[in-house]
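Reader: I should be grateful for a close look at a single part of this structure. Please treat that part in connected prose.

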Amino acid sequence: MPFSDYKTALVTGASGGMGWAIAERLASKGLTVHGLARSGAKLKELETKAGVIPHEIDVTDTDALTELLGGLEIDVLVNNAGVSRPGSLLQSEAFDIDEQIDVNFRAALQLARLTLPGMMERDNGHIINITSMAGHYEFGGHIAYHATKAAMHTVSRQLRVDAFGRRVRVTEISPGRTETDIFAIVEKIDPVEAKRKYFEGFEMPQVSDIADAVEYAVGAPKYVNIGMIELLPTLQVPGGLRTGKRVGDEVILTGNK
């Protein structure tokens, strides 16, 4: 099993949600896991609970990432850190766009750049990019989020090309709505309110299901590359048709987003 071939992992956004669950799972499989996040307190909790090595680093700080990885050999890289902002481009501020590009796209690309050469040299490694159904389907608003996740879909495909000829695997895991704290963070509302609004009464994947997908991809035989896993609730579909008609000066939109 490839888990026995890998010694170390690095997981970004490890202080909560999917990142926490993935870091915890990889540690339980015997890997030395380095967890990156901006919340040092949460990382210390993860260290106490799962033995994950904490690094309080902002993933947009390329110099800090370079310094850290200068002394590490990483066999499994999980690009999980991500941010989102509500609203369409019409409601976006400059910071909203820049932050999403920097965290969701630029940081992941830099981390791949810093870790891939060592994987190639060792003929051994796995890069996992946590994207989103937003990278494949349009469902209104969040244009920078959609764009950055679509970019990471392309990066995942291209990394396979760049790593061709060596035993370096690349997996994209693309979740739909999953029960995490992201909704409370994005909308700046109390987690209890977010739970009532987005989770109660719905049947949806848990962060443990995302960790299951990571375990499946990493644990597959070394000669097998799981290219992409799309993981949505059974009661969620990405499609929908909208049509607008003009009545005088008013545009009426019909259909579902």
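Which residue just after α1 takes a positive phi? Please then describe the helix itself and its place in the core.

Author: In this predicted model, the residue in question is Gly30, whose phi is about 100 degrees. The helix before Gly30, α1, runs over residues 17-28. Its 12 residues should span 16 Å at 1.5 Å a residue, and because its end C-alpha atoms lie 17 Å apart, the expected and computed spans agree.

The helix is mostly covered, with 9 of its 12 residues buried. These are Met18, Gly19, Trp20, Ala21, Ile22, Ala23, Arg25, Leu26 and Ala27. In soluble globular proteins, nonpolar side chains tend to be buried together.

Here the largest nonpolar core comprises 31 residues, and Ile22, Leu26 and Val33 have the most contacts inside it. At least two residues of this core come from each of several elements, including β1 (8-12), α1, β2 (32-37), α2 (40-50) and α8 (207-219). The largest share, 6 residues, is supplied by α1.

Leu26 illustrates how the helix meets other parts of the chain. Leaving aside residues up to four places away in sequence, Leu26 touches Phe3, Ala9, Val11, Leu31, Val33, Val76, Val78 and Val214. Val33, one of these partners, is itself among the residues with the most contacts inside the core. A second, separate core has 21 residues, among them Leu36, Leu77, Ala108 and Val168.

How values were computed:
Residues are numbered from 1 along each chain as its sequence is written. This is a predicted model: local features need pLDDT of at least 70, side-chain atom pairs count only at pLDDT 80 or more; totals for chains, interfaces and linings use all residues. Side-chain values use heavy atoms; hydrogens and water are left out. A nonpolar core is a set of buried Ala, Val, Leu, Ile, Met, Phe, Trp, Tyr and Cys residues joined through side-chain atoms within 4.5 Å. Buried means under 20% relative accessible area, exposed over 50%, partly exposed in between (1.4 Å probe, protein chains only). Helices (H or I, at least four residues) and strands (E, at least two) are DSSP runs, numbered from the N terminus. Contact means heavy atoms within 4.5 Å. The expected span of a helix is 1.5 Å times one less than its number of residues.
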